[in-house]
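Got the model open in your viewer? Keep the selection tool handy, and we'll go from stop to stop.

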Amino acid sequence: MSEITVPSVTTAKGDLWVFGYGSLMWRPGFEFEERVPARLVGEHRALCVYSFVHRGTPEKPGLVLGLDRGGACRGIAFRVAEKNRADVVAYLRAREQVTSVYREVMRSVWLENDARQRVSALAYVVDRGHAQYAGRLSLAEQHRHVVQGHGQSGANRDYVTATVKAIEAEGFRDAQLHQLAAMLHDHHTGDPRAPTRPDRCKRNTLF
């Protein structure tokens with residue numbers, strides 16, 4: 001696993017693979033040649049980033065996904081044509097690095113296609129030293145932030161539910177996100193089972 005130097009990802013030869021594990025799964029926003037289910041080992045998907053821009057504000061932070069240390073993550077690998085490499089990287093930096101909360105890295109991912117090959121893909125991993133790194137929040141704490149979060153890209157709850165739908169469309173589940181999505185649904189419909197005192201809820205142990 002290697003960190004990217006700024007020039008290398010834009011000037012390297014050949015097509016570029018990009019690994020999406022959150023909103024990139026359902027709204028990549030860039031042109032690609034191929035879209036393949038993929039698995040990354042060594043980091044896992046987690047709602048571990050306080051959102052101050054896209055899904056929240058500094059006064060009322062939302063939560064968005066990051067790749068955090070340990071485990072594995074299933075997502076989507078997008079193959080970008082060499083001619084579009086620089087433009088796509090510029091787009092991703094503008095989208096993902098508004099507050100520089102992620103580290104731009106290359107990671108090995110295993111494509112879940114007939115060839116089952118391993119490729120090196122661009123990925124955005126949370127910077128644990130950044131002020132917006134939320135760490136391992138309890139499920140109740142995640143729920144509280146997502147309910148309150150609303151930013152330039154819309155409501156935080158919509159971000160979570162859209163990601164869950166994208167995961168389901170690929171034929172697998174993320175226990176953490178699915179449990180949170182169920183809580184958000186209950187909260188939205190006024191179900192009394194929705195937590196009103198997050199501090200009393202049992203601490204999450206699914207990370």
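Start by selecting His-178, which counts as buried because its relative accessibility is 9% (buried means under 20% relative accessible area, exposed over 50%, and partly exposed in between, with a 1.4 Å probe and protein chains only). You'll find His-178 in helix α6, residues 175-189; helices (H or I, at least four residues) and strands (E, at least two) are DSSP runs numbered from the N terminus. Now show what surrounds His-178: apart from neighbours within four places in sequence, Val-164, Ile-167, Glu-168, Phe-172 and Arg-173 are in contact with it, where contact means heavy atoms within 4.5 Å. Put a distance label between the C-alpha atoms of His-178 and Glu-168 and you should read 9.5 Å, for a pair 10 residues apart in sequence.

A word on what you're looking at: this is a predicted model, in which local features need pLDDT of at least 70 and side-chain atom pairs count only at pLDDT 80 or more, while totals for chains, interfaces and linings use all residues. Residues are numbered from 1 along each chain as its sequence is written, and side-chain values use heavy atoms, with hydrogens and water left out.

Zoom out and colour by secondary structure. The protein has six helices and eight strands, and along the sequence they run β-α-β-α-β-β-α-β-β-α-β-β-α-α. Of the 207 residues, 50% are buried. Among contacts with a separation of 6 or more, 75% join residues 24 or more positions apart.

Next, the core. Select Phe-19 and Leu-122, the residues with the most contacts inside the largest nonpolar core, which has 58 residues. (A nonpolar core is a set of buried Ala, Val, Leu, Ile, Met, Phe, Trp, Tyr and Cys residues joined through side-chain atoms within 4.5 Å.) Strand β4, residues 62-80, provides the largest share of this core, with nine residues. Which residues does Phe-19 touch, leaving aside neighbours within four places in sequence? Its contacts include Leu-24, Ala-38, Leu-40, Leu-67, Ile-76, Val-109 and Leu-122, and also Arg-74.

Now click on Glu-43, in strand β3. Is Glu-43 buried or exposed? At 6% relative accessibility, it counts as buried. Not counting residues up to four places away in sequence, Glu-43 touches nine you can highlight by name: Leu-67, Asp-68, Arg-69, Gly-70, Gly-71, Ala-72, Cys-73, Arg-107 and Val-125.Time for the pocket. Switch on a surface and select His-54, Val-64, Arg-95, Glu-96 and Tyr-102, which lie nearest the centre of the largest pocket, out of 25 lining residues. (On a 1 Å grid over the protein atoms alone, a pocket is an open set of points where a 1.4 Å probe fits, with protein on both sides within 12 Å along at least five of seven lines; lining residues have an atom within 4 Å of a point.) The space inside comes to about 400 Å³, a volume being the space filled by probe spheres set on the points. The lining has 13 nonpolar, eight polar and four charged residues. Helix α2 (23-26), β3 (34-51), β4 and α3 (85-96) each supply at least two of the lining residues, and β3 gives the most, with three.

On to the aromatic rings. There are seven aromatic pairs, counted when ring centres of Phe, Tyr and Trp (its six-membered ring) lie within 6.5 Å; planes under 30 degrees apart are stacked, over 60 edge-to-face and the rest tilted. Select Trp-26 and Tyr-159: their ring centres are 6.5 Å apart and the planes sit at 65°, so this pair is edge-to-face. Trp-26 is in helix α2 and Tyr-159 in helix α5 (residues 156-169), so the pair ties together parts 133 residues apart in sequence. Trp-26 is partly exposed at 29%, whereas Tyr-159 is buried at 6%.

Go back to Tyr-102 and add Tyr-124: this pair is also edge-to-face, 6.4 Å centre to centre with 75° between the planes. Tyr-102 belongs to strand β5 (residues 102-111) and Tyr-124 to strand β6 (residues 118-126), 22 residues apart. For one more view, select Phe-30, Phe-32, Phe-78 and Tyr-91, which form one aromatic cluster.

Last stop: two backbone oddities. Most residues other than glycine have a negative phi. Ser-100, in the loop between α3 and β5, has a positive phi of about 55°. Arg-116 also has a positive phi of about 55°, and you'll find Arg-116 in the loop between β5 and β6. Ser-100 is partly exposed, at 45% relative accessible area, while Arg-116 is exposed, at 55%.

Terms used:
Nonpolar A, V, L, I, M, F, W, Y, C, P; charged D, E, K, R; others polar.
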